[in-house]
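Subject: Structure for your review

Dear colleague,

Please find below the structure that I am handing over to you. My notes on it follow.

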Amino acid sequence: MATIQLTASSILAGNLFSFEGLRPSKVRISSVAVKQVRPSLSSFRSLVVKASTTVAPKQTSLKPLGDRVLVKVKPASEQTVGGILLPSSVQSKPHGGEVVAVGDDKVVRPYKIDRSVTGTQVVYSKYSGTEVEFNGSDHLILKEEDIIGILETDDMKDLKPLNDQVLLKVAKAEEKTAGGLYLTSAAKEMKPSTATVIAVGPGCLDGKGDRQPLPVSPGDTVLYSKFSGNDFKGIDGSQYVVLKASELMAVLS
């Protein structure tokens, strides 16, 4: 009985022994010796390696749904009105930006904005919305009720309130009582504030889709709670507050 030993070198080189003259039934391979062969660099010339992680393509569009509004955030001011540069740690967080897209909301809601507001500069409530980076810029996705008003200039006195929002110019805080006693800073903060109505919104929508007028008008003197609304400062240093008409406490005469 024939015994044949095969080596790796003979297999790699293609030099298989000839079994001519031997019957297949008479041939038995008792052992195979395989030698370790280190492949050369030339063996991998055509090898292509692909990364195991796939990078998702960047979004090319973002469409808000329902009563959501996509706003491109206005960059924070890097200097004061007088031209003094501000470090990033004290730069005030912007509360305005440009409307990029508005959701196609067909439901009648109390808080509604004109769909043609796209492309205009708006002001929104503090701490509202969800931040998202889109097209290399910071954006916010807000609800329509979070949009306070339209502001095409850099001065808050030019704000056009939306829905039931009211723009107030805060009166100078009183330093003492009617009896002549000076007020502490803590007492001033707890005391309700007096302000003049500068502008009012068109009102909220009722169930039929009609605007309900607000109970105050520009020029009225009103009383409001110190901790309500959103505070802003005008170019001339004046203090402004934007709040809902329902947050007003009384009309003074």
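In this predicted model, strand β11, residues 193–200, and strand β12, residues 221–224, pair in the antiparallel sense over four bridges. Within this pairing, T194 stands opposite L223 of β12. Both strands belong to an open sheet of six, with the order β13-β14-β10-β11-β12-β15 and antiparallel pairing. At its edges lie β13 (230–233) and β15 (248–252), each of which pairs on one side only. On average, neighbouring strands of the sheet are turned by 40° against each other, direction being ignored.

I turn next to the nonpolar cores. The largest of them holds 14 residues. Inside this core, the residues with the most contacts are V71, V99, V117, V122, Y124 and I147. At least two core residues come from each of the strands β3 (68–73), β4 (96–102), β5 (121–124), β7 (137–143) and β8 (147–150). The strand that gives the most is β3, with three residues. As for V117, once its neighbours within four places in sequence are left aside, this residue is in contact with V99, V102, V122 and I150. A further core, of 12 residues, lies apart from the largest one, and V166, A195, V216 and A245 are among its members. As a general remark, nonpolar side chains in soluble globular proteins tend to be buried together.

The charged pairs deserve a separate paragraph. A search of the whole structure finds six salt bridges, including the three described here. In one of them R68 is joined to D67, with the closest N and O atoms 3.4 Å apart. R68 counts as partly exposed, because its relative accessibility is 36%, whereas D67 is buried at a relative accessible area of 10%. In another, the side chains of K112 and D105 meet at 3.4 Å, N to O. Here K112 counts as buried, its relative accessibility being 13%, and D105 is likewise classed as buried, at 7%. The third to be mentioned links the side chains of K157 and D158, with an N to O distance of 3.3 Å. K157 is partly exposed, at a relative accessible area of 44%, and D158 also counts as partly exposed, at 31% relative accessibility. Through salt bridges that share partners, D105, R109 and K112 are joined into one network.

How far does the confidence of the prediction reach, and what is the average pLDDT of the protein chain? The chain averages a pLDDT of 77, and 61% of the residues score at least 70. Over residues 8–19 the pLDDT stays under 50, and for this stretch the model has 13 contacts beyond four places in sequence. Residues 86–93 also have a pLDDT below 50, with 10 contacts in the model beyond near neighbours in sequence. Where pLDDT is low, the predicted coordinates should not be read in detail. I would therefore apply that caution to the contacts of residues 8–19, where the pLDDT is under 50.

With kind regards

Note on methods:
Residues are numbered from 1 along each chain as its sequence is written. This is a predicted model: local features need pLDDT of at least 70, side-chain atom pairs count only at pLDDT 80 or more; totals for chains, interfaces and linings use all residues. Side-chain values use heavy atoms; hydrogens and water are left out. A salt bridge is a side-chain nitrogen of Lys or Arg within 4 Å of a carboxyl oxygen of Asp or Glu. Buried means under 20% relative accessible area, exposed over 50%, partly exposed in between (1.4 Å probe, protein chains only). pLDDT is the predictor's confidence in each residue, from 0 to 100. Contact means heavy atoms within 4.5 Å. A nonpolar core is a set of buried Ala, Val, Leu, Ile, Met, Phe, Trp, Tyr and Cys residues joined through side-chain atoms within 4.5 Å. Two strands pair if DSSP finds at least two bridges between them. Axes are lines fitted to C-alpha atoms, for helices over the stretch in contact, and angles run from 0 to 180 degrees between N-to-C directions.
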